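Visitor: Could you take me closely through the pockets of this model, and then through the parts of the chain that surround them? I would like a careful account, residue by residue where that is possible.

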Amino acid sequence: MDCIRLEGRAYIGGRFVRVKIGGGDCRLVQLSNRYLILPGMVDLHVHFRDWGLSHKETLEGGARAALAGGVVAVGDMPNTSPHIRTAELYRKRVEQGSGLPILYKLHMGVPEKVAELDQARPRSVKIYPEDVARFGWQHVEKLAERCATLRCVLVFHCEDPAYFRNGERPPDAEVACVEKVRQIVHRTGARVHLTHITLPYTAEATRGWASVDATPHHLLLDVDNCKDPALCLVNPRLRTPEIRKRLLAALASGLIDIYATDHAPHTL
Ligand SMILES: [Zn+2]
């Protein structure tokens, strides 16, 4: 028996209330005013790896880690090996995810042919700077047009690769991408979400036409915490303490819609 049922009084939503949760043969836990009950969390940005990368993590391992941390639903990213760009791969991965002990959703990768969206009918499509470099902004706009009809959300890793220089990814890349996406939304009416934003500017500039999320590392760490740059190399990059603190203030003031982890295991 690995289930529990809860009875007694617990602190939920700002006050103590009498609760009775679960039943059957599950082990009884008496609450007696000593427990805080929180809802399960949703993490819309994770990389459960597996396919071609199972030495880093598997779907099953990722799901267990999520549950252990109180996360009951995830949005998994498509940059597996192979990258999930076709309806066939999308369906295969969703099928595997449906057997996990959490609610599993998948962001589809950018397809080479827009018609794949009609086949797959994803709820969201993840666009990387590498996709923009490979297929161009025009292709992204075609996806946006199709998604506006099919009601899928475009999820941007919002950095314009035209601003990448010698391995550097400056804040200007995010600013330029925000403007490109704003124009695409204006022309197509597509719904967009910008994930792991790093600049308070982005939270303010996207009000009214995009939702945004920020990660624990961009909110709590900055370049001053980074003694060994090789061990804190993330995309997008960590920013200065000044930018990082203003991003945290933006979260506190409600300008950032969602907190997401970008859980992504790597080997050294
Ligand atoms: Zn990610």
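Guide: What follows takes the pockets in turn, then some details of the backbone, and lastly one pair of packed helices. Please keep in mind throughout that this is a predicted model.

The largest pocket encloses about 800 Å³ of space, and its lining is made up of 32 residues, with L233, V234, N235, A264 and H266 lying nearest the centre. Two elements, α4 (129-135) and α8 (216-220), give two or more residues each to this lining, and it is α8 that provides the largest share, namely three residues. Sorted by class, the lining of the largest pocket holds 11 nonpolar, 13 polar and eight charged residues.

One of the residues nearest the centre of that pocket, N235, also takes part in a detail of the backbone, since the peptide bond that runs from N235 to P236 is cis, with omega near -5°. P236 itself sits in the loop that joins α8 to α9 (241-252), and α8 is the element already named as giving the largest share of the lining of the largest pocket.

The second largest pocket has a volume of about 610 Å³ and is lined by 25 residues, among which L44, K105, H107, R123 and S124 are found nearest its centre. At least two lining residues come from each of β4 (41-46), β5 (71-76), α2 (87-97), β6 (103-106), β9 (153-157) and β10 (191-195), and β6 contributes the most, with four residues. In terms of class, the lining of the second largest pocket consists of 15 nonpolar, five polar and five charged residues.

Two of the elements that supply this second lining, β5 and α2, are joined by the loop in which P82 lies, and there the peptide bond from S81 to P82 is cis, with omega near 5°. Another of the contributing strands, β9, is followed along the chain by a loop between β9 and α6 that contains N166, a residue that is not a glycine and yet has a positive phi of about 50°.

That loop brings us to α6 and its packing against α5. Helix α5 (residues 137-150) and helix α6 (residues 171-188) pack at an angle of about 40°, their axes being 10 Å apart, which means that α5 is oblique to α6. The crossing of the two helices, α5 and α6, is right-handed. On the side of α5 the contact is made by W137, V140, E141, A144, E145 and A148, while α6 brings C177, K180, V181, I184, R187 and T188 to meet them. Taken by class, the contact of α5 with α6 comprises seven nonpolar, one polar and four charged residues.

Key
Residues numbered from 1 in each chain as written. Predicted model: local features only at pLDDT ≥ 70, side-chain atom pairs only at ≥ 80, totals over all residues. Heavy atoms only, no water. Axes fitted to C-alpha atoms, helices over the stretch in contact; angles between N-to-C directions. Parallel < 35°, antiparallel > 145°, perpendicular 65-115°, else oblique. Left-handed = near helix turned anticlockwise from the far one by under 90°. Contact = heavy atoms within 4.5 Å. Nonpolar A, V, L, I, M, F, W, Y, C, P; charged D, E, K, R; others polar. 1 Å grid on protein atoms, 1.4 Å probe; cavity = no way out; pocket = protein on both sides within 12 Å on 5 of 7 lines; lining within 4 Å. Points joined across faces, edges and corners; volume = space filled by probe spheres on them.
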